[in-house]
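Dear colleague,

I am handing over the structure below, and I would be glad if you could look through it while reading my notes. They deal with salt bridges and then with two backbone angles.

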Amino acid sequence: MIGTIILAVIVVLALIIVKMSLVIIPQSETKIIERLGKYYATLKPGINVIIPFIDRAKPIVAMTNGRYHYTNSIDLREQVYDFDKQNVITKDNVQTQINALLYFQIVDPFKAVYEINNLPNAIEKLTQTTLRNIIGELELDETLTSRDTINTKLRAVLDDATNKWGIKVNRVELQDITPPQSVLQAMEKQMQAERNKRAMILTSEGQKAAAILQSEGEKTSRINRAEADKQTEILKAEGEAQARIRKAEAEAIAIDKVTEAVGKTTNPANYLLAQKYIAMLGDVAQGDKTKTVYLPYEATNLMGSIGGIKDLFKES
């Protein structure tokens, strides 16, 4: 009976020792094993064998959901640290709140355990101090518009500083940049003034363009009117010239007809002159009788013309 109990105890102890000797490491994780307080090995994913009570996993500080805790497993996947907002002062003495996201990965577990005491706290403090230094070299406007530049500088500094800790900083992102309320109000007023300025500029440019188009339209209209008046005068002058030509041709034909009627012995010009003179006397006789009528100085020639008309009537 006693022998059976002792055998059972030995089997149970053996099972416990075997269980403690076998360490199963999940993928993307590892453990640092110390033997009698000295570094012994870095376990790989899968089944690993250690000596119970002699070998033990080295604990490391980790951060989950913003809280620090101890664990003996090291996560080799990319991790994200979301730091609380911190106050920074820009080059133009404006106090601003900024919080950052840090994406990093443990590439050397040995350094992450033995080169730094509290890795998450060290990364957080280094990020905060580096961010203060970078923002302190920029004015507020540059801080708000140069996130990519700040991210690049911050990542380069952190990656270089954490290299001896076995850390690879992959990316740093500024999540929020919050200036004071008074600065936000001033910025809003400035943006409103800038919008009003652009609106006034656009309005004035529109009015200027409209005035230019109107003046060009008036210029074109005047040119067209002047051209039309010019063409009208030309056509009018050509019409008057044609009328005079037709009148002269008609008078020439009339003279030819008179010449044929009076014959070669009588000057047709005298006939026409006498005819117009008689017509004029008729107009004078119908006018105001009190007016003085002046006869041509060459009265004898006029009488000769009238006599020619008389002879012409006799012959006819």
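The structure holds seven salt bridges, where a salt bridge is a side-chain nitrogen of Lys or Arg within 4 Å of a carboxyl oxygen of Asp or Glu. Please keep in mind that this is a predicted model, in which local features need pLDDT of at least 70 and side-chain atom pairs count only at pLDDT 80 or more, while totals for chains, interfaces and linings use all residues. Residues are numbered from 1 along each chain as its sequence is written, and side-chain values use heavy atoms, with hydrogens and water left out.

Among the salt bridges is one between Arg-56 and Glu-34, whose closest N and O atoms are 3.4 Å apart. This pair links distant parts of the chain, since Arg-56 lies in strand β6 (residues 55-57) and Glu-34 in strand β3 (residues 32-35), 22 residues apart; helices (H or I, at least four residues) and strands (E, at least two) are DSSP runs, numbered from the N terminus. Arg-56 is partly exposed, with a relative accessible area of 45%, whereas Glu-34 is buried at 4%. For these words, buried means under 20% relative accessible area, exposed means over 50%, and partly exposed is in between, with a 1.4 Å probe and protein chains only.

Strands β6 and β3 are also linked by the pair Asp-55 and Arg-35, which sit 20 residues apart, Asp-55 in β6 and Arg-35 in β3. Their side chains meet in a salt bridge with an N to O distance of 2.6 Å. Here the acidic partner, Asp-55, is buried at 6% relative accessible area, while Arg-35 counts as partly exposed at 28%.

Another salt bridge joins the side chains of Asp-75 and Arg-77, at 2.9 Å from N to O, and Asp-75 is partly exposed, with a relative accessible area of 22%.

Turning to the backbone, which value does phi take in Phe-53? The angle is near 65 degrees, which is positive although the residue is not a glycine. Phe-53 is found in the loop between β5 (46-49) and β6, and with a relative accessible area of 70% this residue is exposed.

Asn-93 likewise has a positive phi, near 60 degrees, in a residue other than glycine. Its place is in the loop between β11 (86-89) and β12 (95-106), and at 67% relative accessibility Asn-93 counts as exposed.

With kind regards
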